[in-house]
Amino acid sequence: MTLVLNLILVVQILSAMAMVGLILLQHGKGADMGASFGSGASGSLFGATGSANFLSRSTAAAATVFFICTLALAYFGTRPADSGGGLMGELAGKTVSAPQGASAASKPAPAGSQGGLAQIPGSAQAPSSSSAPAKAKP
């Protein structure tokens, strides 16, 4: 999967650089191709009117490739990762339990039992009368 992502990323970067180059080669309104290459419009590289169509279509193609690569990277980036392929991926789905020879004292007490542990303030269960200190009446 990482090979596909890297390939899409390389294509996206190349299409972005192609778009930058093609946009910089295009001329604005009123300028002709001859101004860019130092010759007249009739002697330009693409002919008298061919440069505008070629550069604009090439830019549109590069922009389309860039857009498709961006959507593909967003799609693959939001998918959950595969858990296979490593120790951390294997341990993520498993819970760690105490060894079989461990005593009951090392295991945590259930949530509702006192077990010698201090009561959490604001909990529903009141402390037992044997462990609560007696209040003296004044």
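Accessible areas come from the Shrake-Rupley method with a 1.4 Å probe, and for residues only the protein chains shown count as cover. By that yardstick, the protein chain in this predicted model exposes about 11000 Å², with carbon and sulfur atoms supplying 67% of that area.

**View 1. The whole chain is built from helices, with zero strands.** Four helices make up the secondary structure, and reading along the sequence gives the pattern α-α-α-α. Of the 138 residues in the chain, 11% are buried. Now for the contacts: among those with a separation of 6 or more, 62% link residues that sit 24 or more positions apart. The close-ups below pick out a few such pairings, starting with the helix at the beginning of the numbering.

**View 2. Helix H1 spans residues 2–25.** With its 24 residues, H1 reaches 35 Å from first C-alpha to last, close to the 34 Å you'd expect at 1.5 Å a residue. The buried residues on this helix are Ile8, Gln12, Ser15, Met19 and Leu22. Two of those, Ile8 and Gln12, come back in the views that follow. For contrast, take leucine 7: this residue also lies in H1, yet leucine 7 counts as exposed, at 57% relative accessibility.

**View 3. A nonpolar patch sits on the surface of the model.** Leu9, Val10, Ile13, Leu14 and Met17 make the patch together, and it covers about 460 Å². Zoom in on isoleucine 13, which belongs to H1. Its relative accessible area is 45%, so isoleucine 13 is partly exposed.

**View 4. Glutamine 12 is a buried residue of H1.** What is its relative accessible area? The value is 13%, and since buried means under 20%, glutamine 12 falls in that class. Skip the residues up to four places away in sequence, and glutamine 12 touches Phe66, Cys69, Thr70 and Leu73. Cysteine 69 turns up again with leucine 7: the C-alpha atoms of leucine 7 and cysteine 69 are 9.7 Å apart, though 62 residues separate the two along the chain.

**View 5. Glutamine 26 and threonine 59 are joined through their side chains.** Glutamine 26 is found in the loop between H1 and helix H2 (33–37), while threonine 59 lies in helix H3 (residues 50–78). Their side chains share a polar contact of 2.8 Å. The C-alpha atoms of the two residues are 9.5 Å apart, with their positions 33 residues apart along the chain. Buried or exposed: how does threonine 59 count? Threonine 59 is buried, because its relative accessibility of 13% is under the 20% limit. Glutamine 26, by comparison, is partly exposed, with a relative accessible area of 32%.

**View 6. The surroundings of that pair bring in both H1 and H3 residues.** Leaving its sequence neighbours within four places aside, glutamine 26 is in contact with Leu55, Ser56 and Thr59. Threonine 59, treated likewise, touches Met19, Leu22, Ile23 and Gln26. Met19 and Leu22 in that list are also buried residues of H1.

**View 7. Phenylalanine 76, in helix H3, meets the start of the chain.** Setting aside neighbours within four places in sequence, phenylalanine 76 is in contact with Met1, Val4, Leu5 and Ile8. Ile8 is one of the buried residues of H1. Phenylalanine 76 itself counts as partly exposed, at 24% relative accessibility. Which residue's C-alpha atom lies 9.1 Å from that of phenylalanine 76? That would be methionine 1, 75 residues away along the chain.

Terms used: Residues are numbered from 1 along each chain as its sequence is written. This is a predicted model: local features need pLDDT of at least 70, side-chain atom pairs count only at pLDDT 80 or more; totals for chains, interfaces and linings use all residues. Side-chain values use heavy atoms; hydrogens and water are left out. Patches are made of residues with over 30% relative accessible area and no salt bridge: like charges are joined within 9 Å, nonpolar side chains (Val, Leu, Ile, Met, Phe, Trp, Tyr) within 5 Å. A salt bridge is a side-chain nitrogen of Lys or Arg within 4 Å of a carboxyl oxygen of Asp or Glu. Helices (H or I, at least four residues) and strands (E, at least two) are DSSP runs, numbered from the N terminus. Buried means under 20% relative accessible area, exposed over 50%, partly exposed in between (1.4 Å probe, protein chains only). Contact means heavy atoms within 4.5 Å. The expected span of a helix is 1.5 Å times one less than its number of residues. A polar contact is a pair of N or O atoms within 3.5 Å; within protein, one must be able to donate a hydrogen and the other to accept it, and residues adjacent in sequence count only if both atoms are side-chain atoms.
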